Amino acid sequence: MQKNLVYKILESHLEHGTLTPGEEIAVRIDQTLTQDATGTMACLQFESMGIPRVRTELSVSYVDHNTLQEGFENADDHRYLQTMAAKYGILYSRAGNGICHQVHLERFGRPGKTLLGSDSHTPMAGGMGMIAIGAGGLDVAVAMGGGPFYLTAPRVTRILLTGRFQPWVSAKDLILYILEFLTTKGNVGTVIEYAGPGVATLSVPERATITNMGAELGVTTSIFPSDEVTRAFLTAQGRGSEWIEISADTDAVYDKTLNIDLGDLVPLMAKPHSPDNICTVREMQGTAVNQVMIGSCTNSSYRDLMIVALMLKGKRVHPDVSVGVASGSRQVLGMLAKAGAINDLIASGVRVLESACGFCIGNGQAPETNAVSIRTNNRNFEGRSGTKSAKVYLASPETAAACALTGRVTDPRDLDIPYPVIPLPEHFWIDDTMILLPSPEPEKVQIYRGPNIGEPPVSDPMPESIQGMVSIKVGDKITTDHIMPAGSRLKYRSNVPRYAEFVFEGVDPDFSARCLKNKAAGIQNIIVAGESYGQGSSREHAALCPMYLGVRAVIAKSMERIHTANLINFGIIPLTFDHGSDYAEIHPGDEVTLPDIRESLRQGKKLMLVNRTGNKKIPVSYTLTERQRSILLAGGLLNYTRSPSV
């Protein structure tokens, strides 16, 4: 049978299972990627496995999230990560070297390889023909130890691109268009594969923007073929020898095909508070703008920021708008400086920010009260910017720069300036001195542990029955930001008891204390949720901290892939209502029971939730493989890894 690109790479890495959509498979992981917000716990978990050295072809530890060093915690954790990398054979990208996804694309991504990262935007590397998947830190730790990654063999949707972009339309507009069509939910278990003659018109950084924001679709990953455009990019990075051509066979089989003519697209925006709340820029034309932030892993390449610099050159940003620009990597920043673009940005009134995640995750640059903030990042969830009342719109660098100039939402096609065309540089500036190599004498390396670092907690084995209370009931599209706040709270990521104090902080500030009270009384906590629970970041603390608080089950109308896997990894059973209407039959504070759950899981039997307060029986389901059921019975992946027969 003719193979699509996705199944070609999966087949070459298959260790267990059958490549049949919906079946569980295990694949070999060539590379791993961690960052300081999620990687610290991943490294602690790796240490607990007792493996003397990473067993991947390449593992890289990046510092890019918690670079605002307010207090000792972040600096201490960065020192821990540096010594951990030196001892266990991991490359260490220092703070200031750039955002993990941009740097990995530039320096390490290789067509045809597999990459597992403890960040939901790891699929950005799919822009150069990799199977790149975001996962929880514990899954990445297992892969670092040489273990395979388990996933469901995906359905593959082909998006067939024809034509080319009109001036002032770019890759961000394409992925926003796709988000409007496919939305953020209903795409679990799917991979997007791009094909067609329009692919050749897109540079690798443009492709990477598209695969990066594929994470917002909820798909497993997205991928482009590796072609002559890929070869040119790798050659310019001094890595031409790593190029291989890889694409789908002629007449390859797909589950679904969507056709998009790039020439039909117009500048688009995502309105608050979801990346799929799409409108044209002209629909919002004239709306007053208070802040413009350009950067993040999605749109911080040399191509993107040079366009912004040329648009602003010789002009001044509007006096009512605060504008910040953050390059995605030290390489991009250096090339902008060599081209004189940094001077042009500074002269225009732009604040040049550090090459880091920064404003995208709420670390700095919080907008004013009730502000309209135009941003080129990938998420605009309520409160993620650091200001709950702010209205964040997602847009392309071209649209963001137009808004910065006029002080209002402006379609860049309405500016009286020529469209800047930025060709791929023949040679990128390459300086890898901020990527530290592992120690040649690992036995002499002492791991640094600051007072904020503790042992990763583990759960008890699954009890015979769950006797619990509904500790919170939430609605649709609850993100991992709702569950586990980012921003300044991220500095407690290595201190689970402290970080757990902030679970659901912005939704129900009493949640943590209530759970701990129930736990002390021997009452297990239950979370009830609506559609698409757990969308957004791969932040495993959104499962780890609830586990610490005594949460034993989550019951939702539907759940997203990475969060579901994280719940299983930490011994929390993910359940869905058989009938969505039963969501209305459960209320906060209800006493509920899941009888004989241990034996039911062991035998794969159906479950019935008993609402003792409401005197109702509610059928609930799970979609778990035999391996996943065994993990839950053991109380989580760490317990299972140590004793898989539990």
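**Note on a predicted model: surface patch, strand pairing and ring contacts**

1. Val352 has a relative accessible area of 37%, so this residue counts as partly exposed, the class that lies between the buried limit of under 20% and the exposed limit of over 50%. The model discussed here is a predicted one. Val352 belongs to strand S17, which covers residues 351–353, and together with Leu333 and Ile346 this valine forms a nonpolar patch on the surface, the accessible area of the three together being about 220 Å².

2. Strand S8, residues 149–152, shows an alternation of its side chains: Phe149 and Leu151 are buried and point to one face, whereas Tyr150 and Thr152 point to the other face and are not buried. Strand S2, residues 24–27, runs antiparallel to S8 and is joined to it by four bridges. Within this pairing, Ile25 has Leu151 of S8 as its bridge partner, and Leu151 is one of the buried side chains of that strand.

3. A search for aromatic pairs over the whole structure returns seven. In one of them, the ring centres of Tyr194 and Phe224 are 4.5 Å apart and the ring planes stand at 5°, so the pair is classed as stacked, the limit for that class being under 30 degrees. Because Tyr194 lies in strand S10 (residues 190–195) and Phe224 in the loop between strand S11 (221–223) and helix H8 (228–236), the pair ties together parts that are 30 residues apart in sequence. Tyr194 counts as buried at 1% relative accessibility, and Phe224, with a relative accessible area of 0%, is buried as well.

4. The rings of Phe233 and Phe428 have centres 5.6 Å apart and planes at 65°, so this pair is edge-to-face, a class that calls for an angle over 60 degrees. Phe233 is part of helix H8, while Phe428 lies in the loop between helix H12 (397–406) and strand S20 (435–436), and the pair therefore ties together parts that are 195 residues apart in sequence. Phe233 and Phe428 are both buried.

5. Two contacts between an arginine and an aromatic ring may be added to the ring pairs. The charged end of Arg231 sits over the ring of Trp243, at 4.2 Å from the centre of that ring. Arg498, for its part, lies over the face of Tyr492, where the distance to the ring centre is 4.5 Å.

Terms used:
Residues are numbered from 1 along each chain as its sequence is written. This is a predicted model: local features need pLDDT of at least 70, side-chain atom pairs count only at pLDDT 80 or more; totals for chains, interfaces and linings use all residues. Side-chain values use heavy atoms; hydrogens and water are left out. Buried means under 20% relative accessible area, exposed over 50%, partly exposed in between (1.4 Å probe, protein chains only). Helices (H or I, at least four residues) and strands (E, at least two) are DSSP runs, numbered from the N terminus. Two strands pair if DSSP finds at least two bridges between them. Rings of Phe, Tyr and Trp (its six-membered ring) pair if their centres lie within 6.5 Å; planes under 30 degrees apart count as stacked, over 60 as edge-to-face and the rest as tilted. A charge sits over a ring if NZ of Lys or CZ of Arg is within 6 Å of the ring centre and within 35 degrees of the ring normal. Patches are made of residues with over 30% relative accessible area and no salt bridge: like charges are joined within 9 Å, nonpolar side chains (Val, Leu, Ile, Met, Phe, Trp, Tyr) within 5 Å. Accessible areas come from the Shrake-Rupley method with a 1.4 Å probe; for residues, only the protein chains shown count as cover. A salt bridge is a side-chain nitrogen of Lys or Arg within 4 Å of a carboxyl oxygen of Asp or Glu.
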